[in-house]
Amino acid sequence: KAFIRAAGPHLSFLSFHAYASGRNEDPDHLIYDKTTAIGGYIADLRRMLAEDFPERSIETHLTEYNIAWTWRTKDPRMLDHNGAVFDALCLIEFVRAGLDVGGAWNERDGVYGKMDTAYAPAPS
């Protein structure tokens, strides 16, 4: 809120990141349920922007979202069918919350990517 108030007069968009976990031990259902929390986070940011700057629309850009906030855990769910379910649930929440731009991290690697290092698509 403090950042929004301070930077808001100069913002055309607000960029932020959101994740479900950083622990491979978290059960799948907890990871899926976190998508609702991510949607709430988006809605809260949009509400704060609208309250402080009702005269204009400041876009919300979720420029990084994924199951894990760290690459070090190499959570396998980011590359299998669980990642596809997580991404689908996120997209539903993005629409519900009114997100303007959503971008996953990143297109190609062995941890987060939507493709592996040989460019083979991940299920998501």
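The following paragraphs go through the sheet of this predicted model, the helices on it, and one histidine within it.

The sheet is open and consists of three strands with parallel pairing, arranged in the order 1-2-3. Strand 1, residues 13-21, and strand 3, residues 101-102, are the edge strands, and each of them pairs on one side only. Strand 2 covers residues 59-68 and runs parallel to strand 1, to which eight bridges join it. One position can be used to find the register between these two strands: Phe16 stands opposite Leu62 of strand 2.

Two helices can be placed against this sheet. Helix 2, made up of residues 28-52, packs on the sheet and touches strand 1 and strand 2. The direction of helix 2 makes about 160° with that of strand 1. Helix 3, residues 81-97, also packs on the sheet, again touching strand 1 and strand 2. For helix 3 the angle is given against strand 2, and the two directions make about 155°.

Within strand 2 lies His61. Is His61 buried or exposed? The relative accessible area of His61 is 13%, and because buried means under 20%, His61 counts as buried. Leaving aside neighbours within four places in sequence, the residues in contact with His61 are Phe13, Leu14, Ser15, Phe16, Leu99 and Val101. Phe16, one of these contacts, is the residue that stands opposite Leu62. The side chain of His61 also has a polar contact with the side chain of Glu59, at 2.7 Å.

Definitions and conventions:
Residues are numbered from 1 along each chain as its sequence is written. This is a predicted model: local features need pLDDT of at least 70, side-chain atom pairs count only at pLDDT 80 or more; totals for chains, interfaces and linings use all residues. Side-chain values use heavy atoms; hydrogens and water are left out. Two strands pair if DSSP finds at least two bridges between them. Helices (H or I, at least four residues) and strands (E, at least two) are DSSP runs, numbered from the N terminus. Contact means heavy atoms within 4.5 Å. Axes are lines fitted to C-alpha atoms, for helices over the stretch in contact, and angles run from 0 to 180 degrees between N-to-C directions. Buried means under 20% relative accessible area, exposed over 50%, partly exposed in between (1.4 Å probe, protein chains only). A polar contact is a pair of N or O atoms within 3.5 Å; within protein, one must be able to donate a hydrogen and the other to accept it, and residues adjacent in sequence count only if both atoms are side-chain atoms.
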